[in-house]
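Thank you all for coming; I would like to take a few minutes to walk you through one model, with the sequence and the coordinates on the screen beside me. Please keep the structure open as I speak.

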Amino acid sequence: MSLALPRRALCLLPLMGAASAAAQPRLVAGPELKARQLVLPDSTTVPPPVVRVAPGYDTVLEFDASIDPDSVSVEGQEERFALLEPTTRLVVLRPALPLPEDRPLLLKVGFADGLSPTHATLALVPATSEVDVQARVFRRPRSVQALEAQLEAVLARCEAGNFVKLALSGELRGGVTWESLELAQTSSGVTVVEQEVYRSRAHAVVTLKLKLSPGALPWTPGEAWLRDAAGRVVRRLPIWMDGARLQPGEAHSLAVELERPSKETDQRWSLELREKDGERGVSLHPFNP
């Protein structure tokens with residue numbers, strides 16, 4: 001699965017004494033979750049790109065070239081990380097303990113094709129006010145000419161209609177399928193009255209309609225957590241809604257877009273729609289991407 005963006009409360013660490021606590025990096029309440037793009041340096045003398053991680057938060061690294069899952073390693077893996085799960089394009093990691101402040105922990109990844117550069121090195125550092133939950137890693141710096149060409153292509157497509165954009169992107173090759181999904185249960189006055197999934201060649205869009213019961217407090221969408229079959233959060237995704245806030249008695253349509261796996265799989269995904277600055281999340285029934 002490529003692509004991948006999932007807010008989770010920070011796990012509280014056991015109290016270890018004033019001196020020890022003062023030595024640990026502190027996250028402010030409600031750290032900001034970031035999605036970034038990183039470019040590997042073209043020289044080994046240049047410091048590696050930095051990735052900010054924190055306990056209780058999954059960080060998903062997505063590479064633009066296939067990697068060798070067996071080559072992935074990180075310093076302090078057994079002592080400090082609760083999860084390190086590589087695939088052919090992704091590395092998902094979750095610290096169990098705060099990272100040291102005096103030096104970064106190096107994550108090393110080998111590319112599958114053996115071409116230069118053969119490896120990628122990333123520097124994992126403790127997060128403070130911002131956590132990198134998703135990072136796209138580019139193997140080589142992109143030239144000015146390549147960036148200008150990409151910008152021109154994007155601007156040209158912006159002038160076209162939405163359906164033309166889909167055709168030009170290649171998404172319509174092979175057609176688009178539609179499926180109505182089983183409705184989720186009501187959660188604290190928030191009811192799912194419709195739930196569907198649209199699938200194209202490389203993407204899926206889950207659409208639904210939420211209704212808020214009269215007398216309930218307004219509901220504002222935060223982000224969607226994509227979970228795998230084991231219940232692990234593998235993506236944090238934005239939610240689009242036809243309105244900024246769901247008021248009591250109202251119903252609004254929402255949508256979440258995600259990339260489909262590059263290979264056929266029997267694994268079922270589930271989505272949890274999180275309330276912004278609240279606890280009224282809506283868990284949707286699992287579906288096949």
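I will begin with confidence and overall make-up, then turn to the strands, and end with the salt bridges and one peptide bond.

What you see is a predicted model, and the mean pLDDT of the protein is 80, with 79% of the residues reaching 70 or more. The stretch to treat with caution is residues 1-29, where the pLDDT is below 50, although in the model this stretch has 76 contacts beyond near neighbours in sequence.

As for the overall make-up, the protein has 289 residues, of which 39% are buried, and its secondary structure comes to four helices and 18 strands. The accessible surface is about 15700 Å², and carbon and sulfur atoms account for 53% of that area.

Let me now follow the strands, taking strand E11, residues 190-199, as the starting point. Strand E10, which covers residues 177-180, pairs with E11 in the antiparallel sense over four bridges, and within that pairing Glu179 stands opposite Val197. E11 also pairs with strand E12, residues 203-212, again antiparallel and over nine bridges, and a hairpin of three residues joins E11 to E12. Here Val197 stands opposite Val206, while Glu194 has Lys209 as its bridge partner in E12. Continuing from E12, nine bridges join this strand to strand E16, residues 251-259, and the two run antiparallel; the partner of Val206 in E16 is Val256. If you trace the residues across these strands, then, you can step from Glu179 to Val197, from Val197 to Val206, and from Val206 to Val256.

Staying with E11 for a moment, which residues make the nonpolar surface patch of about 310 Å²? The patch is made by Val176, Trp178 and Tyr198, and of these Tyr198 is found in E11. Tyr198 counts as partly exposed because its relative accessibility is 34%, a value that lies between the 20% and 50% cut-offs for buried and exposed.

A separate topic is the open sheet of four strands, whose order is E14-E13-E17-E18, with antiparallel pairing. Its edge strands are E14, residues 233-238, and E18, residues 282-283, each of which pairs on one side only. Between E13, residues 221-227, and E17, residues 270-275, the antiparallel pairing runs over five bridges, and Trp225 stands opposite Glu272 there.

Glu272 brings us to the salt bridges, of which the structure holds 16. The side chains of Glu272 and Arg227 meet in one of them, at 2.9 Å from N to O, and this pair links strand E17 to strand E13, with the two residues 45 apart along the chain. Glu272 is buried because its relative accessible area is 11%, under the 20% cut-off.

A second salt bridge is formed by the side chains of Arg235 and Glu62, at 4.0 Å from N to O. This pair connects distant parts of the chain, with Arg235 in strand E14 and Glu62 in strand E3, residues 59-63, and the separation is 173 residues. Are these two residues buried or exposed? Both Arg235 and Glu62 are buried.

A third example is the salt bridge between the side chains of Glu130 and Arg52, at 2.7 Å from N to O. Glu130 lies in strand E9, residues 130-138, and Arg52 in strand E2, residues 50-53, so that this pair too links distant parts of the chain, 78 residues apart. Glu130 is partly exposed, with a relative accessible area of 23%, and Arg52 is partly exposed as well, at 22%. Salt bridges that share partners join Glu130 and Arg52 with Glu32, Lys34, Arg36 and Asp132 into one network.

The last point concerns the backbone. In general, most peptide bonds are trans. The peptide bond from Ser116 to Pro117, however, is cis in this model, with omega near -10 degrees, and Pro117 is found in the loop between strand E7, residues 105-111, and strand E8, residues 119-126.

I will stop there and take your comments.

Note on methods:
Residues numbered from 1 in each chain as written. Heavy atoms only, no water. pLDDT = per-residue confidence, 0-100. Contact = heavy atoms within 4.5 Å. Patch = residues over 30% accessible without salt bridge, like charges linked within 9 Å, V, L, I, M, F, W, Y side chains within 5 Å. Areas by Shrake-Rupley, 256 points an atom, 1.4 Å probe, with all protein chains shown as cover. Buried < 20%, exposed > 50% of the residue type's maximum accessible area, 1.4 Å probe, protein only. Pairing = 2+ DSSP bridges.
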